[in-house]
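Welcome, and please load the model in your viewer. We will go from one selection to the next and look at what is there.

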Amino acid sequence: MWKAKQSAYDPILVVSAVTLILFRAILMVVVPLMDKTEARYAEIARLMVETQNWGVLQIDYNVPFWAKPPLSTWASAFSINVFGVTEWAARLPSLVISLVTIYILYKTLKKNGTSFFLMAFILMTTPQFLLHAAVVSTDTIFGFCIMMVMLCFWNSQFKEK
């Protein structure tokens, strides 16, 4: 059982967390787009870069796509614009947001003595988080936004006065 106060650099946690993050990053590069949803969002981002129409998402040329909010598409399109039209470039924003999520949760729990690597290990062994850590979808940014709202609520309720 884990102690309440883990050392910051427990070797098992460090190796496990880093391995899981590297494993996900490698899969992001070598695995092709997995399903029609991921391919659709990547194509919308690619079209955004090609047409330079950053205001209206398009599922095909001059066919608007109003089904999802644009934040994740903008992030993928920006990455494609910078790194080129590749699958990993479209997936990179999800990996970055996942790592930022881990870091923010760590900073929130740091006052309790929780290890960064414990937070990373817990999140990266959660199947949905691991899957969405590097796919082209709206779920990662949506989850990040929900986490930020919940942390703001938590801080407002338990802020020391």
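Helices on this tour are DSSP runs of H or I with at least four residues, numbered from the N terminus. Keep in mind that you are looking at a predicted model.

**Stop 1: helix H1**

Select residues 11-30, which make up helix H1. The 20 residues of H1, at 1.5 Å a residue, should span 28 Å, and the end C-alpha atoms are indeed 28 Å apart, so the two values agree.

Now show the side chains of Leu13, Ala17, Leu20, Ile21, Arg24 and Met28, the buried residues of H1. They sit on the same side of H1, because they cover an arc of only 90 degrees around the axis. What lies over these buried residues? Colour helix H4 (87-109), helix H5 (116-124) and helix H6 (127-132), which are included in their cover.

Next, rotate to the face of H1 that is turned away from the buried side. There you will find the exposed residues Pro11, Ile12, Val15, Leu22, Ile26 and Val30. Switch on a surface and pick out Val18, Leu22, Ile26, Val29 and Val30: together they make a nonpolar patch of about 450 Å². Val30, a residue of helix H1, has a relative accessible area of 58%; it counts as exposed because that is over the 50% cut-off.

Before leaving this helix, click on Ala25, which also lies in H1. Its relative accessibility is 22%, so Ala25 counts as partly exposed. Then draw a distance from the C-alpha of Ala25 to that of Leu92: the two residues are 67 apart in sequence, yet 8.7 Å apart in space.

**Stop 2: the salt bridges**

How many salt bridges does the structure hold? There are 3 of them.

Start with Arg91 and Glu38, whose closest N and O atoms are 2.7 Å apart in a salt bridge. Arg91 belongs to helix H4 and Glu38 to helix H2 (residues 36-51), so this pair ties together parts that are 53 residues apart in sequence. Are these two charged residues buried or exposed? Both Arg91 and Glu38 are buried.

Stay with helix H2 and select Glu43 and Arg46. Their side chains meet in a salt bridge, with 2.7 Å from N to O. Glu43 and Arg46 are separated by about one helical turn, because they are 3 residues apart in H2. In general, an α-helix has 3.6 residues a turn, so residues three or four places apart point the same way. Glu43 is partly exposed at 29% relative accessibility, and Arg46 is partly exposed at 23%.

Add Glu50 to the selection. Glu50 forms a salt bridge with Arg46, and here the closest N and O atoms are 2.4 Å apart. These two residues of H2 are 4 places apart, about one turn of the helix. Glu50 has a relative accessibility of 45% and counts as partly exposed. Since the salt bridges share partners, Glu43, Arg46 and Glu50 are joined into one network.

**Stop 3: Ser94 in helix H4**

Move to helix H4 and click on Ser94. With a relative accessible area of 7%, Ser94 is buried, because that value is under the 20% cut-off. What does Ser94 touch, leaving aside residues up to four places away in sequence? Show His132, Ala133, Ala134, Val135, Ser137 and Thr140 to see its contacts.

**Stop 4: two residues with positive phi**

For the last stop, check some backbone angles. Most residues other than glycine have a negative phi.

Select Gln52, in the loop between H2 and strand S1 (58-60). Its phi is near 55 degrees, a positive value in a residue other than glycine. Gln52 is partly exposed, at 48% relative accessibility.

Then go on to Asn62, in the loop between S1 and strand S2 (63-64). Asn62 also has a positive phi, near 60 degrees, and it is not a glycine. Is Asn62 buried or exposed? With a relative accessible area of 73%, Asn62 is exposed.

Note on methods: Residues are numbered from 1 along each chain as its sequence is written. This is a predicted model: local features need pLDDT of at least 70, side-chain atom pairs count only at pLDDT 80 or more; totals for chains, interfaces and linings use all residues. Side-chain values use heavy atoms; hydrogens and water are left out. The expected span of a helix is 1.5 Å times one less than its number of residues. Buried means under 20% relative accessible area, exposed over 50%, partly exposed in between (1.4 Å probe, protein chains only). The arc is that of the directions from the helix axis to the C-beta atoms. Contact means heavy atoms within 4.5 Å. Patches are made of residues with over 30% relative accessible area and no salt bridge: like charges are joined within 9 Å, nonpolar side chains (Val, Leu, Ile, Met, Phe, Trp, Tyr) within 5 Å. Accessible areas come from the Shrake-Rupley method with a 1.4 Å probe; for residues, only the protein chains shown count as cover. A salt bridge is a side-chain nitrogen of Lys or Arg within 4 Å of a carboxyl oxygen of Asp or Glu.
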